[in-house]
Amino acid sequence: INKRMKVLANDGISKSGIKALEKGGFEVITTKVAQEQVANYINSNDVSVLLVRSATKVRQDIIDNCPGLKIIGRGGVGMDNIDVDYARANGKHVINTPASSSESVAELVFAHLFNGVRFLHDSNRNMPLEGDSNFEGLKKAYANGIELRGKTLGIIGFGRIGQAVAKIALGLGMRVIAADKFLGKAEIKVDFYNGQFINVEILTEPMEDLFKHSDFITLHVPAQENGYVIDTAELNAMRDNVGIINASRGGIINEVALIEALDSGKVLFAGLDVFEEEPTPAVQVLMHPKISLTPHIGGATLEAQDRIGTELADQIISLLKVEL
């Protein structure tokens, strides 16, 4: 009898993912194994599939020491915590779920945008302290809000998440422009709840044009090998009072330059879900009154976790069926 293959979901997996895997004949282990024990655990428990999110790193030591490991899966998009090429060169399948969290990240981008244009991040800090003693003063401080409707959103990186952001922006009545090194245009299908939809074609343009025309800029690019995407020169090329959102990867914006631009008034506000120094972001960033902050939760919705679990399960089942 073929005994059930084991899947170690070391950073957790949704209930729907567990169900789908069990139905496919796998045993799912959700014990959290410490990083330095992972290889050992895989070997002593005869684990065939290792699933991670962003916490567990899958480097050469694990790949070299675990001959029985067939699949390494990342719940989410970026795979910077896995030595992907090395794993594949050593006969392991490496999979991820690029489509599963796009909508969640896109909605968080707009949570930060709305926060910024109406000062909610600052208002929510100050109302508990001064709401009863200085109501009129706070009212005055936050009275210069602006609407997103009719403004131009520049999206840098026009892959799945960038396109999901574009859909929301179009639904809000924003003008959308995009820059992408690898993509010339994209057709954005804006779906409505009642089955109606519209298609909008968006051509990408050079980054310098995007800086010139955007009221708000959001970044959706992978981790960079070298240098920042946004540094002092780029900030200077932007419009005055621009709002900047980064819910992609830390280290693509120079945070020192960003704070200077916020202090000088060049940048109106920033929304950051990711940081250069994760998991200990710079205190100047955390304390800044013009920055809306979240702790890297872009893809962390119940719906996305469900999709990630079932999407990983589908891929694992089809890959290992082929091998059996």
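This report describes the parallel sheet, a buried helix region, two nonpolar cores and some unusual backbone sites of a predicted model.

## The parallel sheet

An open sheet is built from five strands, which follow the order β2-β1-β3-β4-β5 and pair in parallel fashion. Its edges are formed by β2, covering residues 26-29, and β5, covering residues 93-96, each of which pairs on one side only. On average, and with direction ignored, neighbouring strands of this sheet are turned by 20 degrees against each other.

Strand β1, which spans residues 5-9, runs parallel to β2 and is joined to β2 by four bridges; within this pairing, M5 has F26 of β2 as its bridge partner. Helix α1, made up of residues 15-23, packs on the sheet and touches β1, β2 and β3, the last of these being residues 47-52. The direction of helix α1 makes about 150 degrees with that of β2.

## Helices α5 and α6

Helix α6 comprises residues 120-130, and H121, D122, S123 and N126 are buried in this helix. The cover over the buried residues of α6 includes helix α5 (102-117), helix α7 (135-141) and strand β13 (291-293).

One residue of helix α5 is N115, whose contacts can be followed in some detail. Leaving aside its neighbours within four places in sequence, N115 is in contact with L120, H121 and S292. The side chain of N115 also makes a polar contact, at 3.0 Å, with the side chain of S292. The relative accessible area of N115 is 17%, which is under the 20% cut-off, and N115 therefore counts as buried.

## Nonpolar cores

In soluble globular proteins, nonpolar side chains tend to be buried together. The largest nonpolar core of this model has 27 residues, among which I156, I230, L235 and I244 touch the most other members. Two or more residues are given to this core by each of β7 (175-179), α9 (207-213), β10 (216-219), β11 (242-246), α11 (255-264) and β12, and α11 gives the most, with five residues.

Residues up to four places away in sequence not being counted, L235 touches I230, I244, A257, L258, A261, K266 and V267. A second core, separate from the one just described, consists of 26 residues and includes V105, V117, V165 and M174.

## Unusual backbone sites

Most residues other than glycine have a negative phi, and most peptide bonds are trans. Against that background, three sites may be worth examining in the structure. The peptide bond that joins E278 and P279 is cis, with omega at about 0 degrees, and P279 lies in the loop between β12 (267-272) and α12 (283-286).

D46, although not a glycine, has a positive phi of about 55 degrees; D46 is placed in the loop between α2 (38-44) and β3. With a relative accessible area of 43%, which falls between the 20% and 50% cut-offs, D46 is classed as partly exposed. H296 is likewise a residue other than glycine with a positive phi, here near 55 degrees, and its place is in the loop between β13 and α13 (302-323). The relative accessible area of H296 is 35%, so H296 is also partly exposed.

Technical notes: Residues are numbered from 1 along each chain as its sequence is written. This is a predicted model: local features need pLDDT of at least 70, side-chain atom pairs count only at pLDDT 80 or more; totals for chains, interfaces and linings use all residues. Side-chain values use heavy atoms; hydrogens and water are left out. Two strands pair if DSSP finds at least two bridges between them. Axes are lines fitted to C-alpha atoms, for helices over the stretch in contact, and angles run from 0 to 180 degrees between N-to-C directions. Contact means heavy atoms within 4.5 Å. Buried means under 20% relative accessible area, exposed over 50%, partly exposed in between (1.4 Å probe, protein chains only). A polar contact is a pair of N or O atoms within 3.5 Å; within protein, one must be able to donate a hydrogen and the other to accept it, and residues adjacent in sequence count only if both atoms are side-chain atoms. A nonpolar core is a set of buried Ala, Val, Leu, Ile, Met, Phe, Trp, Tyr and Cys residues joined through side-chain atoms within 4.5 Å.
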